[in-house]
Amino acid sequence: MTFPTDRQRIADQLKLGSELLYLSRQDVEHLQLTRDAVVELTRQALVEHGHRRYEMPAKIGVLPYDNVFYHAMPAYLPGPGIVGAKCIECYPDNPRRFGLPQTTGLLVLNEVESGVPLAVMDSAWLTAMRTPAVTVLAAAALHPGATTFGARRKPAL
């Protein structure tokens, strides 16, 4: 699997500069990205990061309440030609108080050559998948032969 880089393929789907794709959380979940695909795409992004082929300023945020944050995270991967920004919020009391998810957010993807937005999409599911993907990759790198993760061994008698 590789990152999408074909500008013409995107232009065949969207009228660049006057249309953009909106994907709700349900839409994102129904893209049928498998766990293996998420892990592989995360691995590719980490490889780019490891080779310092990225631009990603420090995360900025605001704290409207003691237990709440808003973070804005722009990033650019020149190799695969991906640029965008994720805004994500965490309101731990949402499920109890409002029946809403604790974490919500949006990801805006832009076309690199012109800067026009291509897609606005829910980022909660992607974040929920990417976060453990990093753990899976780290565990595989640190202990390649492991068959379990975090399992407790029975003490030897």
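**Strands, core and salt bridges**

Q: Which residue in β5 is the bridge partner of Ile88?

A: Ile88 has Gly105 as its bridge partner in β5.

Q: Before I go on, what am I looking at, and how do the residue numbers run?

A: It's a predicted model, so to speak of local features pLDDT has to be at least 70, side-chain atom pairs count only at pLDDT 80 or more, and totals for chains, interfaces and linings use all residues. Residues are numbered from 1 along each chain as its sequence is written, and side-chain values use heavy atoms, with hydrogens and water left out.

Q: OK, back to β5. How many bridges join β4 to β5, and in which sense do they run?

A: There are 8 bridges between β4 and β5 (residues 103-110), and the two run antiparallel. One spot to look at is Glu89, which stands opposite Thr104 in β5. Two strands pair if DSSP finds at least two bridges between them. Strands here are DSSP runs of E with at least two residues, helices are runs of H or I with at least four, and both are numbered from the N terminus.

Q: And on the β3 side, how many bridges are there between β3 and β4?

A: 9 bridges, with β3 (residues 69-77) and β4 (residues 82-90) pairing in the antiparallel sense. Glu89 turns up here too, since Tyr70 stands opposite Glu89 in β4.

Q: What's in the turn between β3 and β4?

A: The two form a hairpin with 4 residues between them, and Gly81 in that turn has a positive phi of about 70°.

Q: What about β2 and β3, how many residues lie between them?

A: 6 residues, and this is a hairpin as well. β2 and β3 pair in the antiparallel sense over 3 bridges. Val62 has Tyr70 as its bridge partner in β3.

Q: Zoom out for me: what's the strand order of the open sheet?

A: β1-β6-β5-β4-β3-β2, so that's an open sheet of 6 strands with mixed pairing. β1 (21-23) and β2 (60-62) stand at the edges, each with a single partner strand, so one side of each has no neighbour in the sheet. On average, neighbouring strands are turned by 15° against each other, direction ignored. Axes are lines fitted to C-alpha atoms (for helices over the stretch in contact), and angles run from 0 to 180 degrees between N-to-C directions.

Q: Switching topic: which residues make up the largest nonpolar core?

A: It has 8 residues: Leu23, Val28, Val38, Leu107, Met121, Trp125, Met129 and Ala133. Helix α5 (residues 124-142) supplies the largest share, 3 residues. A nonpolar core is a set of buried Ala, Val, Leu, Ile, Met, Phe, Trp, Tyr and Cys residues joined through side-chain atoms within 4.5 Å. Buried means under 20% relative accessible area, exposed means over 50%, and partly exposed is in between (1.4 Å probe, protein chains only).

Q: What is Val38 in contact with?

A: Leaving aside its neighbours within four places in sequence, Val38 is in contact with Leu33, Trp125, Met129, Arg130 and Ala133. Contact means heavy atoms within 4.5 Å.

Q: Now the charged stuff. How many salt bridges does the count come to?

A: 4, where a salt bridge is a side-chain nitrogen of Lys or Arg within 4 Å of a carboxyl oxygen of Asp or Glu. One of them joins the side chains of Arg53 and Glu48, at 3.1 Å from N to O.

Q: Is Glu48 buried or exposed?

A: Buried, because its relative accessible area is 12%. Its partner Arg53 is partly exposed at 37%. Glu48 sits in helix α3 (residues 35-50) and, not counting residues up to four places away in sequence, touches Arg53, Tyr54, Leu77, Gly79 and Pro80.

Q: Where do Glu29 and Arg25 lie?

A: Both are in helix α2 (residues 25-29), 4 residues apart, about one turn of the helix. Their side chains meet in a salt bridge at 2.8 Å, N to O. Glu29 is partly exposed at 34% relative accessible area, and Arg25 is partly exposed at 32%.

Q: And which residue forms a salt bridge with Arg96?

A: Asp93, with the closest N and O atoms 3.6 Å apart. Arg96 counts as exposed at 65% relative accessibility, while Asp93 is partly exposed at 30%.
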